[in-house]
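Me: I'd like to learn how to read a fold from its model, feature by feature. Can we go through one together?

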Amino acid sequence: MNHHRFVLNGPPDHVDALARALLDAGAEPVPGSDPPCLTWATPEPLPLPSLGADHPRVNVGVERFTLLGETVESLVLRGGAVTLLERRPFAPVNDDDPHPLLTDATLADCAPLPPPLLRAAALRVADQPLQLGPNPTSTTLDDALLVGAAIGRACTAALAAPLEDVAAGEDGLPLAVREALAALAAVALSAVVATTDPASSGELAFERAHQLTEAHAVARAERLWSRPGNADWPEWLMYILLGAASVVEDCAVALHQPPPPVLSLHAEHSATREERLGHATTRLVATCLQALALFDPAPSGPSGCARN
């Protein structure tokens, strides 16, 4: 699936005409946005020049990416002309500006996990039903409770699976545990997306897909010692619980912000609450994807142990 977000600028009548054309073609409006914003999810990338060819006086800012792809693009569309402003990887590993979660991703003695297994794990998460706190009064405490309940279900499923049997790696994780891990990752995605205050189902789907694609890119880029079929399940269960606890903590901390001057100073020199929760969520989802790949019921690959 290919996700697009459009921001329209120009003479009001021309903007309205292009917005109507996009809506008729299948895009979704973002209510209350000024300038007008629309989202659109399509099976194939959209032919941007043809979309703007009949509306040469409208400048269209476009952000687009493919679910579980490697890059996200920022473009400007005017008439039939498309200008690429930026193409950035979801999880850069270079020494100059690595992803915050990939500062140690170049460990020489480790190797990335097989991409097909990680992709299958991410699609399992993407297929999970959406869970959100109560509207319109949902707070980060509601998000913490949703994540906490998902942690409880994962723990219950893990308790029902003898650790020594799972650690043997012959049959992978039981289905109930795999489903619980996928559900935990999906709920964590919903918690971080809620901080962006999505105004429509289309914008919610865009942000959720963006967060999942970033986590998938991090999971792919990381080099691990553990290999499919030969990994320590109790150790990975510990990683998952630690990551989930960080998400709950960041949800709860967001309820009690310092006074605005202190908050601004902290955000400038450290991280905003959205950035903290985003990093914690990406780490948790990436870890869940890696665990699902490592303990797939049909493992393959060289042996190893521990994470990194």
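Me: What is the bridge partner of glutamate 63 in S5?
Reply: Start with the general idea: two strands pair if DSSP finds at least two bridges between them. Strands here are DSSP runs of E with at least two residues, helices are runs of H or I with at least four, and both are numbered from the N terminus. In this case, glutamate 63 has serine 74 as its bridge partner in S5. S4 and S5 pair in the antiparallel sense over seven bridges. They form a hairpin with four residues between them, and leucine 68 in that turn has a positive phi of about 65°.

Me: Before we go on, what am I looking at, and how are things counted?
Reply: This is a predicted model, where local features need pLDDT of at least 70, side-chain atom pairs count only at pLDDT 80 or more, and totals for chains, interfaces and linings use all residues. Residues are numbered from 1 along each chain as its sequence is written, and side-chain values use heavy atoms, leaving out hydrogens and water.

Me: What is the strand order in the open sheet?
Reply: In a regular strand the side chains alternate between the two faces of the sheet. Here, six strands make an open sheet in the order S2-S3-S1-S4-S5-S6, with antiparallel pairing. Strand S2 (28-29) and strand S6 (81-89) each have a single partner strand, so one side of each has no neighbour in the sheet. Further in, strand S1 (residues 2-9) and strand S4 (residues 59-66) run antiparallel and are joined by eight bridges. Asparagine 2, for instance, has threonine 66 as its bridge partner in S4. Strand S5 (residues 71-78) also pairs with S6 in the antiparallel sense, over eight bridges, and leucine 75 stands opposite leucine 84 in S6.

Me: How many helices come with those strands?
Reply: The secondary structure comes to ten helices and six strands. A good helix to practise on is H4.

Me: Okay, which residues of H4 are buried?
Reply: Buried means under 20% relative accessible area, exposed means over 50%, and partly exposed is in between (1.4 Å probe, protein chains only). By that rule the buried residues of H4 include Asp143, Leu146, Val147, Ile151 and Ala158. The full buried set covers an arc of only 160° around the axis, which puts those residues on the same side of H4. That arc is taken from the directions from the helix axis to the C-beta atoms. On the other side of H4, Leu145, Thr156 and Leu159 are exposed. What covers the buried residues includes H6 and H8.

Me: What distance separates the end C-alpha atoms of H4?
Reply: The expected span of a helix is 1.5 Å times one less than its number of residues. For the 20 residues of H4 that gives 28 Å, and its end C-alpha atoms are 28 Å apart, which agrees. H6 also has 20 residues and reaches 29 Å from first C-alpha to last, close to the 28 Å expected. H6 is mostly covered, with 16 of its 20 residues buried.

Me: Which helix gives the most to the largest nonpolar core?
Reply: A nonpolar core is a set of buried Ala, Val, Leu, Ile, Met, Phe, Trp, Tyr and Cys residues joined through side-chain atoms within 4.5 Å. The largest one has 65 residues, of which Leu184, Trp233 and Trp236 touch the most other members. H6 gives the most to this core, with 13 residues. A second, separate core of 16 residues includes Leu8, Val58, Leu75 and Leu77.

Me: And how many aromatic pairs are there?
Reply: Rings of Phe, Tyr and Trp (its six-membered ring) pair if their centres lie within 6.5 Å; planes under 30 degrees apart count as stacked, over 60 as edge-to-face and the rest as tilted. The count by this rule is four aromatic pairs. One of them is tryptophan 233 with phenylalanine 295, edge-to-face at 5.3 Å centre to centre and 75° between the planes. That pair links distant parts of the chain, 62 residues apart: tryptophan 233 is in helix H8 (residues 233-253) and phenylalanine 295 in the segment after helix H10 (273-294). Tryptophan 233 counts as buried because its relative accessibility is 1%.

Key. Contact = heavy atoms within 4.5 Å.
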